[in-house]
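User: Please take a close look at one helix in this model. I want its extent, its burial and its packing partners.

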Amino acid sequence: MPKSIYKLSAKDLAPDIQLLLLLLKAQRLQEAVVRQVLKGACWWVANAQGRKDACDLWSKKAIELRASQESWDGIGLVHEHMVPRNVIEEEILALSNPTVEQIEKVLSRSRVCVVTADEDKQLREAKLGASLPDGASSSSGGVPRYQVAGIELSEVPFKCSNTTEDIAAPSDS
């Protein structure tokens with residue numbers, strides 16, 4: 001039985017993405033199609049690492065908020081891509097002759113953390129909603145975005161089983 005799309009790792013997806021990039025280079029595939037697949041790939045890789053309480057990095061405020069509630073429903077927590085998907089997408093497209101290993105390395109930087117809705121807004125207000133701070137690279141794991149926005153990340157003091165419930169399709173943003 002094939003793996004669920006929500007359990008695919010960067011290693012699983014890298015060979016397929018390499019093929020797509022070769023088709024793009026040969027002008028056999030439109031760039032818009034490849035970009036959509038890359039957005040989805042970032043989403044799938046991040047979610048395979050953990051959703052909801054299974055996510056391993058949280059802001060201190062998100063930990064406090066979650067600890068005070070019985071469930072996620074309506075409490076204002078957000079899964080946030082640490083390195084914005086568009087940054088990973090651009091890095092993969094910029095590879096001149098991409099190997100599976102290079103693609104896997106960049107794609108594996110697709111992680112999510114949990115922040116409060118207010119902290120998510122802080123990132124956008126700091127102009128870091130879809131970018132990294134000047135001088136930062138995706139190899140930093142996106143941590144400088146949170147430092148610049150004044151958001152402190154921490155490993156969670158609790159761990160629940162990984163879940164794929166409530167997973168929505170990636171948006172175009």
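Analyst: What follows is a walk along helix H2 and then outward to its surroundings. The model is predicted.

H2 covers residues 31–48, 18 residues in total. From first C-alpha to last, H2 reaches 26 Å, close to the 26 Å expected at 1.5 Å a residue. Gly-50 follows the helix, with a positive phi near 150 degrees.

Now burial. The buried residues of H2 are Val-34, Leu-38, Lys-39, Gly-40, Ala-41, Cys-42, Trp-43, Trp-44, Val-45, Ala-46 and Asn-47. Their cover includes three helices, H1 (10–25), H4 (85–94) and H5 (100–107), and two strands, S2 (77–81) and S3 (112–116).

Next, the core. The largest nonpolar core has 22 residues. Ala-41 is among those that touch the most other members, a group that also includes Leu-13, Ile-17 and Leu-21. H1, H2, H4 and H5 each give two or more residues to this core. H2 supplies the largest share, seven residues. In soluble globular proteins, nonpolar side chains tend to be buried together.

Leu-21 shows the packing in detail. Leu-21 touches Val-34 of H2, and also Ile-92, Leu-93, Pro-98 and Ile-103, not counting residues up to four places away in sequence. A second, separate core of 11 residues includes Trp-58, Trp-72, Val-114 and Val-156.

Last, the covering strands. S2 and S3 run antiparallel, joined by five bridges. His-81 stands opposite Val-112 in S3. Val-112, Val-114 and Thr-116 point one way from S3, Cys-113 and Val-115 the other way, and all are buried.

Notes. Residues numbered from 1 in each chain as written. Predicted model: local features only at pLDDT ≥ 70, side-chain atom pairs only at ≥ 80, totals over all residues. Heavy atoms only, no water. Expected span 1.5 Å × (residues − 1). Buried < 20%, exposed > 50% of the residue type's maximum accessible area, 1.4 Å probe, protein only. Contact = heavy atoms within 4.5 Å. Core = buried A, V, L, I, M, F, W, Y, C linked by side-chain atoms within 4.5 Å. Pairing = 2+ DSSP bridges.
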